[in-house]
Amino acid sequence: MHWQPKPGTTLSTQILAEACQCVETLGGQKDGRWRSVLTFYRPMQRDANVPVEHPRDFLGLSLQEQPAKYYFILRSNRMVVEADASIQVVMEKLQSYKARVILNFEGFQYKLGDFQVRVGKCVPSTSEALRGIMMEIEYIPLSSIEKSRQVLEEFFDIWQETISKKSLPGHFMHIDSNFGDYGLRDLYTSQHTAVQYATCMAQLIAAVRA
């Protein structure tokens, strides 16, 4: 989920603090910090007149819980690929693509019964300028997306009711990711997480432009 500010309002760290407080109000216990890094790649095209057959852009994602892996999301091709983390070194040596924008997603992780909740901010790697606020919710006992959907929806309703009492200038929005478009099945994996980050980034950009 991402924070959708009301028209004419801006993001602030106070909103993030209030969201964390709401998780603790529901009984969430801090379980350390978390961090994910999303990179927007563009090809280093030396001759603009030569047509290219490779993707014009794609996303790369590193997840704290999967330090040995790196994930590529090709949105135009509807593909998500899992690779060894060392692929980043190979890419730097080949110089076929350049990292244009790097976004850090970082914050606190909570244990809340059978749920794992993460609340954090999105900031560029080159500054502390707040670009977004996001929240991850995982129902640990189930790996099936369909079977856990109702439980997560009920949790989301409780969450919305709790945070609405804060009278904050905006609200959290949940946007379904089209996992089927990427050929992903019902059993949730880190590749699903990668697609969700791509969806979240697109929504954050849309919210900022609005």
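Is Glu82 buried, partly exposed or exposed? In this predicted model, Glu82 is partly exposed, its relative accessible area being 38%. Its salt-bridge partner is Lys69, and the closest N and O atoms of the two residues are 3.6 Å apart. This pair links distant parts of the chain, since Lys69 belongs to strand E4 and Glu82 to strand E5, with their positions 13 residues apart in sequence. Lys69 likewise counts as partly exposed, at 30% relative accessibility.

Eight salt bridges are present in the structure. Another of them joins the side chains of Glu65 and Arg118, with an N to O distance of 3.4 Å. Glu65 is placed in the loop between strand E3 (58-63) and E4, whereas Arg118 is in strand E7 (residues 115-124), so the contact ties together parts that are 53 residues apart in sequence. The two partners differ in exposure: Glu65 is partly exposed at 36% relative accessible area, while Arg118 is buried at 6%. Glu65 and Arg118 also belong, with Glu136, to a network of salt bridges.

A salt bridge within a helix is formed by Glu146 and Arg149, whose side chains meet at 2.9 Å, N to O. Both residues lie in helix H3 and are three residues apart, about one turn of the helix. Arg149 counts as partly exposed, with 30% relative accessibility.

Helix H3 spans residues 145-164 and also contains Glu161. On the surface, Glu161 gathers with Glu153, Glu154 and Asp157 in a patch of negative charge. The relative accessible area of Glu161 is 52%, and the residue is therefore classed as exposed, the cut-off for that class being over 50%.

Cysteine pairing was examined next. A disulfide is a covalent bond between the sulfur atoms of two cysteines. The search of the whole structure finds zero disulfides. Cys122 is in no disulfide, and the nearest cysteine sulfur to its own is that of Cys200, 7.3 Å away. Cys200 is likewise in no disulfide, with the sulfur of Cys122 as its nearest cysteine sulfur. The separation of 7.3 Å does not meet the criterion, because a disulfide requires the two sulfur atoms to be within 2.5 Å. Both cysteines are buried: Cys122 has a relative accessibility of 1%, and Cys200 has a relative accessible area of 8%.

Backbone geometry is notable at two loop positions. Arg78, although not a glycine, has a positive phi of about 55°. Arg78 is located in the loop between strand E4 (69-74) and strand E5 (79-84), and counts as partly exposed at 40% relative accessibility. Ser167 is also not a glycine and has a positive phi of about 55°. Ser167 occurs in the loop that runs between H3 and strand E9 (170-173), where its relative accessible area of 65% makes it exposed.

A further contrast between sequence and space involves Ala206 and Gln4. These residues are 202 residues apart in sequence, yet their C-alpha atoms are 9.7 Å apart in space. Ala206 lies in helix H4, which covers residues 190-209. At 40% relative accessibility, Ala206 counts as partly exposed.

Note on methods:
Residues are numbered from 1 along each chain as its sequence is written. This is a predicted model: local features need pLDDT of at least 70, side-chain atom pairs count only at pLDDT 80 or more; totals for chains, interfaces and linings use all residues. Side-chain values use heavy atoms; hydrogens and water are left out. Patches are made of residues with over 30% relative accessible area and no salt bridge: like charges are joined within 9 Å, nonpolar side chains (Val, Leu, Ile, Met, Phe, Trp, Tyr) within 5 Å. Accessible areas come from the Shrake-Rupley method with a 1.4 Å probe; for residues, only the protein chains shown count as cover. A salt bridge is a side-chain nitrogen of Lys or Arg within 4 Å of a carboxyl oxygen of Asp or Glu. Lys and Arg count as positive and Asp and Glu as negative; His and the chain ends are not counted. The place of a charge is taken as NZ of Lys, CZ of Arg, CG of Asp or CD of Glu. Helices (H or I, at least four residues) and strands (E, at least two) are DSSP runs, numbered from the N terminus. Buried means under 20% relative accessible area, exposed over 50%, partly exposed in between (1.4 Å probe, protein chains only).
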